[in-house]
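Colleague: I am new to reading models of complexes. Could you take me slowly through one part, the place where two of the chains meet?

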Amino acid sequence: MPDTADILRLESLQVHFPIQRGLFDRVLGRPAGAVRAVDGIDLNIGRGEIVALVGESGSGKTTVGRVITKLAQPTGGRLLFEGRNMTAERGSSALRPYRHRVQMIFQDAYQALNPRHTVFDIVAEPLRSLRLVDNVTQLAERVSKALAAAGLNPAGDFFSRFPHELSGGQRQRVVIAGALAVKPELIIADEPVSMLDVSIRAQILQVLVDLRDKHNMALLFITHDLPLAWLIADRIAVLYLGKLVEIGSADEITFNPRHPYTVALRNATPQIGGNAGRAVLPALQGEVPSAARVPKGCRFHPRCPLTFDRCKKEEPPPIEVGPQHLSACWLAK
Amino acid sequence: MTNSSQDKAPLLDVNCLSVDYGLKGVSLRAIDRVSFALQAGEAVGLVGESGSGKTTTAMAIAGLLSPNARVSSGEVRYRGSRLPIDDDAAMRPHRWCETSVVFQGAMNALNPVHRIIKQIAEPCMLKLGMSRGEATARARELLGLVGIPTDRGSAYPHELSGGMRQRVMIAMALACRPSIVIGDEPTTALDVITQAQILKLLGELRSRLSLALILITHDLSVVAECCDRVMIMYAGRIVEDGTVAEIFAQPKHPYTRLLIESIPNPASGKKMIRPIPGDPPNLVNRPSGCAFHPRCPSAMGVCGTEVPSLDQFGRGRVACHLHRSSRGDKVAVHA
Amino acid sequence: MSESIVQYYPRSRTRAIKAFLGQFLGHGGARLGLLCLVFFVAVAAVPTFLVGPLQTAINATGDFLMPPSGEHLLGTDEVGRDVLNLVVHGARISLVIALLATVISLVVGTTIGMTAGYYGGRVDVWLMRLTDFFFVMPSFVLALVITPVVLEVMGRGGEILGFRPSLFVIIVVIGMTSWAFVARIVRSQTLSLKERTFIDRARVVGSSNSSIMVRHILPNLVPQIAANGALVVAGAIYVETSLSFLGLGDPLQPSWGTLLSLAQRAGAASAGAWWYLAAPGVCVLSVSLSFVLIGNALDDTFNPRRRVIP
Ligand SMILES: Nc1ncnc2c1ncn2[C@@H]1O[C@H](COP(=O)(O)OP(=O)(O)OP(=O)(O)O)[C@@H](O)[C@H]1O
Ligand SMILES: Nc1ncnc2c1ncn2[C@@H]1O[C@H](COP(=O)(O)OP(=O)(O)O)[C@@H](O)[C@H]1O
Ligand code: SF4
Ligand code: SF4
Ligand SMILES: [Mg+2]
Ligand SMILES: [Mg+2]
């Protein structure tokens, strides 16, 4: 059972990107707008816990991951790692201890690998730049171990290969090996299998779950696939237009969703078991509104099949609907 | 004909089709003796992992093979007559008017500097010889058909979301009233909700316009939602073909079974990750015998040496030594 | 993309280089350019062996402005020097100037372009203003400004880094006026490279800015730098020619440009001494053309869109 002391905590995290105003707007003195990519998120991840972050494209999942890995700077809220405020920390040397413990797996493995570096260089890069090894023998040893842990055996065969000489699944494993090489305590995985074939997906998932089981590593698993989130995660957080609309245990969210958006997500997921137990609500119409124009009141109300007056005026707070299960909907009670 | 249980003459009949790609001196067999029939109004899923030959099959049928491709055996018949699939010019009257394609990743292929209505009207003018006014009217009608408000027609592609652009691509494919639409991974780049909307749209269009649909995907659950029949491809060959209900209830080929098991299914209640062992096949060095044998949990001695033929089995077809038809009627093997 | 095809791609660096050479030499233009270049480099390497020591007015071997003959294959100039002799000796000076100027231009251009593109913001704005300044600055003007300063400091007879001052000035001037072109190309390439996911990954694994620039961005710039480098050489030869033509060259170490200028001043065109103008002119044209051909072939080879396998 995972140890539940929180390793990471996000407190009302907010990322707004300024919109470039046109000349016209400036002349007319229109206020500069903002893309509210992440709009106040509270989330905690326990040690050795797997949390899935689920949402449509454009809902802000990647931005959350980029804030945690310090690739984007939040415009509000706090990022706490083991209780320490990391929000303002900057610069590659100041961040070194943090980088040592928090790593990321990218969505598109091919893009994430420098085409001119060999697999060895790629996996060795974090060890070199974080100064985790003293000599070449140690380096080679840790690179081999990381490759083996990511399921690339025999590791030596891959040392001198270039990314284009690997299959899609192997490339994703190289990215994973690079993240593992530093033995992090938290990994942010941004849609790590969405670019992969079904037949390879499960292999990568297995590697990730094994890491948690063997090294008590925590994982933030970003995906838009609800069944996949259910399969791998302990808890699922559902994101809509930059805000968490529901959060709870994987089983609760999958079998007992309390937010109309989560229900819609579940209904939209194609399933081989047929339509049993679905279509409780009509399918969602329209598209996610732009994050530059977040609707007033409940941000889901223009698409919600259950919307009523109050939804248009007041934004619902997260409401406790079960043990550890919150839903931001006026009807959740 | 390969599918003897069907008595109607098929709309499209692909017979023993093989396509090779020439590549710096080596030649690579992308699809190998693919045979199937498609009835009018039928929706067939073509499923397989990346590189298994799905797109090549589709492009061959539409006569859109790339210049380094060669049709090395077989033929494609449309309403009984042979299609000149390796002759680009001769295929021109057929393409778009009878068979049209929604390409993989095509929504990024829209011309960024033209309004979408113009891009939809273009094929109507070129193919059907319509005047500009007629073509624009037709384009409006098509926009309505795919669920885009007509006034959005003056938008540029970058002003539309991925789902809307995919709808535009579908509208363009429907412009000349084809009877077959091939969708090459039409929803792969989209998220679940948009995917559901597009699949629903394709289903509606299909019944409304009595289209035959070939849906290419690597996601079996997509096929489960909107196809009647599914064909599983592996390393350039069809390894199993049957109705959706039968294949999901009782997969016969071990690869199909493993594919289905690897889909997370909350309804089953079992949180289990079941990877398919091994790596995808290498087409240049294709494994001997059954191409799946290095990864197959049921592989036998004969699997490494003898290529299993795609035989009739029950109401479907399967190519596996575990399921040899008692009648043993093999598909004609081309030299 | 297909995994199976990818297997066919060469495994090791040496084989990658072989594949590259194979493709590069597949271009007819590249072969022609290389051939021509090898010829001129060979000539420039051993001029004395080929045509004897550089002729001056004192040891000139022929009559004034003689047309080509068995004795003087390319005729003679207005003081009786053998034009072939002058052109062969000029090759060395011209090539040295062009190559050294190119090195300066590539080093400066790459450093400034990469820094501006990578850091962006204010650094970018100021560096690009500097670049634009040099971009529009005519080399002739810069030469006019620098020459007196250098001559003042060094005197005509001195040597800077083994070069006579006027040569040194020409090298520096060409280097300084051609880097802006390189910087712009490098900057725009860097701007797109730095958005690539592998740069994000490098940051997440703790690499510093300098190591990201050196280890990730620079190697991916090599194709652009190489292809444009060849074009810079071609340009440098032209600029050298025109500077010398304007009288900024070194009369004691004649380059092709100096020869052209001498021929012009001696009234070769009006006197019908076409050989005097044509010999250095054809050399300038063929060398710069070879570099252009090589540059285009490099561009073609490196351009992933034109490759069979991306
Ligand atoms: N133009 C081409 N030149 C050479 N080989 C090709 C070409 N196009 C496809 N191939 C090869 O043919 C095989 C089948 O390719 P195809 O594109 O049909 O696969 P697919 O099933 O559609 O895969 P994906 O899901 O990645 O699109 C692959 O091995 C592929 O690399
Ligand atoms: N650098 C940026 N500048 C402006 N808007 C951005 C930027 N990055 C992301 N966004 C916007 O923020 C929202 C969330 O994006 P993202 O986190 O990438 O979503 P997801 O990962 O769920 O697809 C989107 O509306 C996107 O357009
Ligand atoms: S608060 Fe209202 S609009 Fe929002 S999800 Fe609940 S019912 Fe729908
Ligand atoms: S033929 Fe043999 S190896 Fe191939 S799928 Fe059947 S049992 Fe497995
Ligand atoms: Mg994303
Ligand atoms: Mg494809």
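Modeller: Let us look at the contact between chain B and chain A, and then at how confident the predictor is.

First, some ground rules. This is a predicted model, in which local features need pLDDT of at least 70, side-chain atom pairs count only at pLDDT 80 or more, and totals for chains, interfaces and linings use all residues. Residues are numbered from 1 along each chain as its sequence is written, chains are lettered from A and ligands numbered from 1 in the order in which they are written, and side-chain values use heavy atoms, with hydrogens and water left out.

Now the meeting place. On chain B, 37 residues are in contact with 38 residues of chain A, where contact means heavy atoms within 4.5 Å. The size of an interface is often given as the accessible area lost when the parts come together. Here chain B and chain A bury about 3200 Å² between them, and 63% of that lies on carbon and sulfur atoms. Buried area is the accessible area (1.4 Å probe) that two parts lose on being put together, summed over both.

What about charged pairs? The rule finds zero salt bridges across the interface of chain B and chain A; such a bridge needs a side-chain nitrogen of Lys or Arg within 4 Å of a carboxyl oxygen of Asp or Glu. Polar contacts do occur: five residue pairs between chain B and chain A, both residues at pLDDT 80 or more. A polar contact is a pair of N or O atoms within 3.5 Å; within protein, one must be able to donate a hydrogen and the other to accept it, and residues adjacent in sequence count only if both atoms are side-chain atoms.

Three helices of chain B, helix 6 (192-209), helix 7 (220-226) and helix 9 (254-261), each supply at least two residues of the side that touches chain A. Helices are DSSP runs (H or I, at least four residues), numbered from the N terminus. Helix 6 of chain B gives the largest share of that side, five residues.

Finally, confidence: pLDDT is the predictor's confidence in each residue, from 0 to 100. Chain B averages 85, and 93% of its residues score at least 70. Its pLDDT stays under 50 over residues 1-6 and over residues 326-335. For the complex, the predictor gives an ipTM of 0.84 and a pTM of 0.80.
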